[in-house]
Amino acid sequence: MSDNIMERMWALAPAFVEGVPQGRALGIKFVAVDRGRATFSLPYNPAVIGDPATRVIHGGAITTLLDQVSGLAVVSATVTEENIKNMAGVATLDLSIDYMRPAKPGETVIATAHCYKTTHHIAFVRAIAHDGDEDDPIAMSQATFMISQTSAKPKKAGS
Amino acid sequence: MTRPDIKQILSRIPYASFIGVEHVIIEDELTMILRYKESNIGNPFLPALHGGVIGGFMEMTAIAGLMYSGRYTKIPKPIGLNIGYLRPGKPVDSFAKASIVRQGSRVANVRVETWQDDIDKPIATLMGNYLTANSET
């Protein structure tokens, strides 16, 4: 049952980025989704350079990538047969980001998120952004999300 | 103190025009403006601005605020920051102000608040530490 849900999530997940105007504008691509986990990529985009001297992309583009991939991890952690057709957005409450090093100009940034805990209303997520080597991260984030009514776990399990 | 030309600084940063950042200076005080753009939407159903764009706007505001102090020639780099989301960002113009909490020799701590039609109802806040050393990266 759960595998079937993840197959459907896999089919819906690209729209989670491409259906979002800012996701499209940045050029974020869906890579993978699993229960409570998600991966996106952000190909190098000169339009979002933050420092013309180094051609490094602006931290804001990384912030958006981490927020978006964390959001999908929350949805995939809370999705059920009942709410999959009516996936409302999740809302970020708090996002902390540590920047370990600048993204390399010209390189695609990969971001992976893990939603490791959900309560009735809140989801907790960690994410990492790197450019090929997870042991050499660009940035790491810790976030909390509000789970909206429609995507929250039903109080009583169906049956 | 000589104030740097914020317009010139913004024009050199592609990300600023990508999300639509402008600025206004009233009585020597810098306020940043995020013009509403359809491409800044993160939730098309509400609709609401993308939390990442609001974050990026506040990061831009923190950097502009530090540059406006006139102490730096290089763009400060973020070390660690915390963004709090208080209200959904409506599809209208947003405004933000940075206050520098502490300026050390290498690290500056900056606080940013963003609002839309009511300055007393902020939609998001940012607290960040920035590496400001001019000599090396």
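## Elements of chain A

Helices and strands are here DSSP runs, of at least four residues for a helix (H or I) and at least two for a strand (E), numbered from the N terminus. By that account, the elements of chain A in this predicted model follow the order α-α-β-β-β-β-α-β-β-β-β from the N terminus on. Chain A thus contains three helices and eight strands.

Chain A has 159 residues, of which 44% count as buried. Among its contacts with a separation of 6 or more, 67% are between residues 24 or more positions apart.

## Confidence

For the complex, the predictor reports an ipTM of 0.93 and a pTM of 0.92. The average pLDDT of chain B is 94, and 96% of the residues in that chain score at least 70.

## A sheet spanning both chains

Strands of both chains form an open sheet of twelve strands with antiparallel pairing. Its order is β1(A)-β2(A)-β6(A)-β7(A)-β8(A)-β5(A)-β5(B)-β8(B)-β7(B)-β6(B)-β2(B)-β1(B). The edges are formed by β1 (29-34) of chain A and β1 (21-26) of chain B, each of which pairs on one side only. On average, and with direction ignored, neighbouring strands of this sheet are turned by 20 degrees against each other.

Within chain A, strand β2 (residues 37-42) and strand β6 (residues 109-118) run antiparallel and are joined by six bridges. In this region Thr39(A) stands opposite Thr112(A), a residue of β6(A).

## The helix across the sheet

Which strands does helix α3 of chain A lie across? This helix (residues 59-78) lies across β1, β2, β5, β6, β7 (122-130) and β8 (139-146) of chain A, and also across β5 of chain B. Helix α3 of chain A runs at about 40 degrees to β6(A).

## Where the chains meet

The contact between the chains involves 31 residues of chain B and 30 residues of chain A. On the side of chain B that touches chain A, the elements giving two or more residues are α2 (14-19), β3 (41-43), α3 (51-68) and β5 (77-85) of chain B. The largest share, eight residues, belongs to β5(B). By residue type, this side of chain B comprises 16 nonpolar, twelve polar and three charged residues.

Strand β5(B) also pairs across the chains: five bridges join β5(B) to strand β5 (residues 91-99) of chain A, and the two run antiparallel. Here Asp94(A) stands opposite Gly84(B), which lies in β5(B).

Note on methods. Residues numbered from 1 in each chain as written. Chains lettered and ligands numbered in written order. Predicted model: local features only at pLDDT ≥ 70, side-chain atom pairs only at ≥ 80, totals over all residues. Contact = placed C-beta atoms within 7 Å. Nonpolar A, V, L, I, M, F, W, Y, C, P; charged D, E, K, R; others polar. Pairing = 2+ DSSP bridges. Axes fitted to C-alpha atoms, helices over the stretch in contact; angles between N-to-C directions. pLDDT = per-residue confidence, 0-100. Buried ≥ 20, exposed ≤ 12 C-beta atoms within 10 Å, placed from the backbone.
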